[in-house]
Amino acid sequence: MSLRPILIHPDPRLKAVADAVPEIDDSIRRLADDMLETMYDAPGIGLAAPQVGVGKRLLVMDCIKEEGEAPRPMVLVNPEVTWSSDETNVYEEGCLSIPEQYADVERPSEVDVSWIDLDGKTRSERFDGLWATCVQHEIDHLNGKLFIDYLKPLKRQMITRKMQKLKRERARA
Ligand code: K1U
Ligand code: ZN
């Protein structure tokens, strides 16, 4: 397993629609392992393949935050939302590709998602709470959408400028 660098917005690879994974092979299993390690190291509760520069429809997440509770690493290949609740909730979201910026985003509070697991089996589950917010945030990444795309243009522009400055500073360091 190895850590993979996380792309920082703005980057065209974060705006592209990712390709479906045609089959589960060792390269996909290695990518999933690396992404879980990268997510836990960050630390974060989710990570989508485009954030590590891979344009494939794969995401990982683990929204267990309570200390003492067993981790629940999840790998979702080709995930699809099959149902969304009319009820919504607002969560102050962050993003590992937009460090230290947070904003309220409104999304359906429950979603049904189907996906393929690393054994090639089709699975589905209803997510709620933080899990529902996170899986929708990660599926957005697979469609080239960032949480700042839900914000007013001025706020989005302000965050983008901050990220451009951060990238310049990191390149100089
Ligand atoms: O996709 C990403 O960029 C990861 C992102 C996921 C996410 C966060 C909040 C709402 C929806 C989706 C993160 O993990 S940001 C870091 C974070 O939220 C966190 C980090 C450590 C402990 C708890 C949360
Ligand atoms: Zn994100």
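Which element gives the largest share of the shell around ligand 1? I looked this up in the model, which is a predicted one. The answer is H2, with 5 residues.

**Entry 1: the shell of ligand 1**

I listed the surroundings of ligand 1 and found 16 residues. The closest are Ile-45, Gly-46, Gln-51, Leu-96 and Glu-138. I then checked the pockets and noted that ligand 1 occupies the largest pocket. Two elements, E4 and H2, each give two or more residues to the shell around ligand 1.

**Entry 2: polar atoms facing ligand 1**

I went through the oxygen atoms of ligand 1 and their polar partners in the protein. A polar side-chain atom of Glu-138 is 2.6 Å from an oxygen atom of the ligand. For Ile-45, I recorded a polar backbone atom at 2.7 Å from an oxygen atom of ligand 1. For His-137, I recorded a separation of 3.2 Å between an N or O atom in the side chain and an oxygen atom of ligand 1. I also looked up how much of the ligand is covered: on its own, ligand 1 has 530 Å² of accessible area, and the protein covers 81% of this.

**Entry 3: the zinc ion**

I turned next to ligand 2, the zinc ion, and asked which protein atoms are its donors. They are SG of Cys-95, NE2 of His-137 and NE2 of His-141, at 2.1 to 2.3 Å from the ion. Along the chain, the donors have the spacing C-x41-H-x3-H. Cys-95 belongs to the loop between strand E4 (88-93) and strand E5 (103-108), while His-141 belongs to helix H2 (residues 129-142), so this pair ties together parts that are 46 residues apart in sequence. His-137 thus appears twice in these notes, as a donor of the zinc ion and as a residue whose side chain has an N or O atom 3.2 Å from an oxygen atom of ligand 1.

**Entry 4: burial of two donors**

Are Cys-95 and His-141 buried or exposed? I applied the cut-off of under 20% relative accessible area for a buried residue. Cys-95 has a value of 11% and is therefore buried. His-141 has a value of 2%, so His-141 is buried as well.

**Entry 5: Arg-107**

I finally examined Arg-107, which I located in strand E5. Its relative accessibility is 4%, so Arg-107 counts as buried. What does the side chain of Arg-107 make a polar contact with? I found the partner to be the side chain of Glu-93, at 2.7 Å.

Notes. Residues are numbered from 1 along each chain as its sequence is written. Chains are lettered from A and ligands numbered from 1 in the order in which they are written. This is a predicted model: local features need pLDDT of at least 70, side-chain atom pairs count only at pLDDT 80 or more; totals for chains, interfaces and linings use all residues. Side-chain values use heavy atoms; hydrogens and water are left out. Donors are N, O and S atoms within 2.8 Å of the metal (3.2 Å for Na, K and Ca); water is not among the atoms, so sites may look incomplete. Helices (H or I, at least four residues) and strands (E, at least two) are DSSP runs, numbered from the N terminus. Buried means under 20% relative accessible area, exposed over 50%, partly exposed in between (1.4 Å probe, protein chains only). A residue is near a molecule or strand if one of its heavy atoms lies within 4 Å of it. A polar contact is a pair of N or O atoms within 3.5 Å; within protein, one must be able to donate a hydrogen and the other to accept it, and residues adjacent in sequence count only if both atoms are side-chain atoms. Accessible areas come from the Shrake-Rupley method with a 1.4 Å probe; for residues, only the protein chains shown count as cover. On a 1 Å grid over the protein atoms alone, a cavity is a set of points where a 1.4 Å probe fits but cannot get out, and a pocket is an open set with protein on both sides within 12 Å along at least five of seven lines; lining residues have an atom within 4 Å of a point. A molecule sits in a cavity or pocket if more than half of its atoms lie within 2 Å of its grid points.
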